[in-house]
Amino acid sequence: MTREAIIQKAVSSLSKLPQSKVEEVIDFAEFLLQKQENTEIQEIIYSTVSDQDVFDFLREEEDIYHLSDAKELY
């Protein structure tokens, strides 16, 4: 099914629902849109930060604690 056909089917189904249910559908659609936007923003931030040398010290930092330093192991 094409995207346009899915949208038409959704509009047809929405027109049969009471207003309160249509509002629930809109709320859910906005939630999904926000989630998608957040994912895209996170990907942009991650790619920007990973391309910079600012955090190289974290990768090069020597481990100061080891498993043998623990008094108890869980």
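**Reading a three-helix model**

Analyst: Start with one residue. Isoleucine 41 counts as partly exposed, because its relative accessibility is 46%. Its place is in helix α2. Keep in mind that this model is predicted.

User: Why does isoleucine 41 count as partly exposed?

Analyst: Buried means under 20% relative accessible area, exposed means over 50%, and partly exposed is in between. Isoleucine 41 has 46%, so it counts as partly exposed. Isoleucine 6 also has a value of 46% and counts as partly exposed. That residue has its place in helix α1, which covers residues 3-15.

User: Is lysine 35 buried or exposed?

Analyst: Lysine 35 is exposed, because its relative accessible area is 51% and the cut-off for exposed is over 50%. This lysine lies in helix α2.

User: What share of the 74 residues in the protein chain is buried?

Analyst: Buried residues make up 0% of the 74. Now look at the surface. The protein chain exposes about 7500 Å². Carbon and sulfur atoms supply 58% of that area.

User: How many helices and strands does the protein chain have?

Analyst: List the elements, then read them in order. The protein chain has three helices and zero strands. Along the sequence, the pattern is α-α-α. Helix α2 runs over residues 19-50, and helix α3 over residues 56-60.

User: What radius of gyration does the protein chain have, and what would a compact globule of 74 residues have?

Analyst: Set the two values side by side. A compact globule of 74 residues would be near 11 Å. The protein chain has 24 Å. Then check the spans. The C-alpha trace covers about 65 × 35 × 25 Å along its principal axes.

User: How many Å separate the C-alpha atoms of isoleucine 41 and lysine 71?

Analyst: Take two numbers for each pair: steps along the chain and distance in space. The C-alpha atoms of isoleucine 41 and lysine 71 are separated by 42 Å, with their positions 30 residues apart along the chain. Try lysine 35 and arginine 3: they are 32 residues apart in sequence and 20 Å apart in space, C-alpha to C-alpha. For isoleucine 6 and leucine 17, the numbers are 11 residues and 17 Å.

User: Which residues form the nonpolar patch on the surface?

Analyst: Look for nonpolar side chains that group on the outside. Here, Ile41, Ile45, Val49, Val54, Phe55, Phe57 and Leu58 form such a patch. Together they have about 630 Å² of accessible area. Isoleucine 41, our opening residue, is one of them.

User: Which helix gives the most to the nonpolar patch?

Analyst: Map the patch back onto the helices. α2 gives the most, with three residues. Helices α2 and α3 each supply at least two. Phenylalanine 57, for one, lies in α3.

User: How many salt bridges does a search of the whole structure find?

Analyst: One. The side chains of glutamate 24 and lysine 21 meet in it, at 3.5 Å from N to O. The cut-off is within 4 Å. Next, find the partners on the chain. Both lie in helix α2, three residues apart, about one turn of the helix.

User: What are the relative accessible areas of glutamate 24 and lysine 21?

Analyst: Glutamate 24 has 46%, so it is partly exposed. Lysine 21 has 39%, so it is partly exposed as well.

User: How many positive and negative side chains does the protein chain have?

Analyst: Count each sign, then ask where the two sets lie. There are 7 positive and 17 negative side chains. The centres of the two sets lie 16 Å apart.

Notes
Residues numbered from 1 in each chain as written. Predicted model: local features only at pLDDT ≥ 70, side-chain atom pairs only at ≥ 80, totals over all residues. Heavy atoms only, no water. Patch = residues over 30% accessible without salt bridge, like charges linked within 9 Å, V, L, I, M, F, W, Y side chains within 5 Å. Areas by Shrake-Rupley, 256 points an atom, 1.4 Å probe, with all protein chains shown as cover. Helix = DSSP H or I, 4+ residues; strand = E, 2+ residues; numbered from the N terminus. Buried < 20%, exposed > 50% of the residue type's maximum accessible area, 1.4 Å probe, protein only. Rg over C-alpha atoms; globule rule 2.2 N^0.38 Å. Lys, Arg positive; Asp, Glu negative; His and termini not counted. Charge placed at Lys NZ, Arg CZ, Asp CG, Glu CD.
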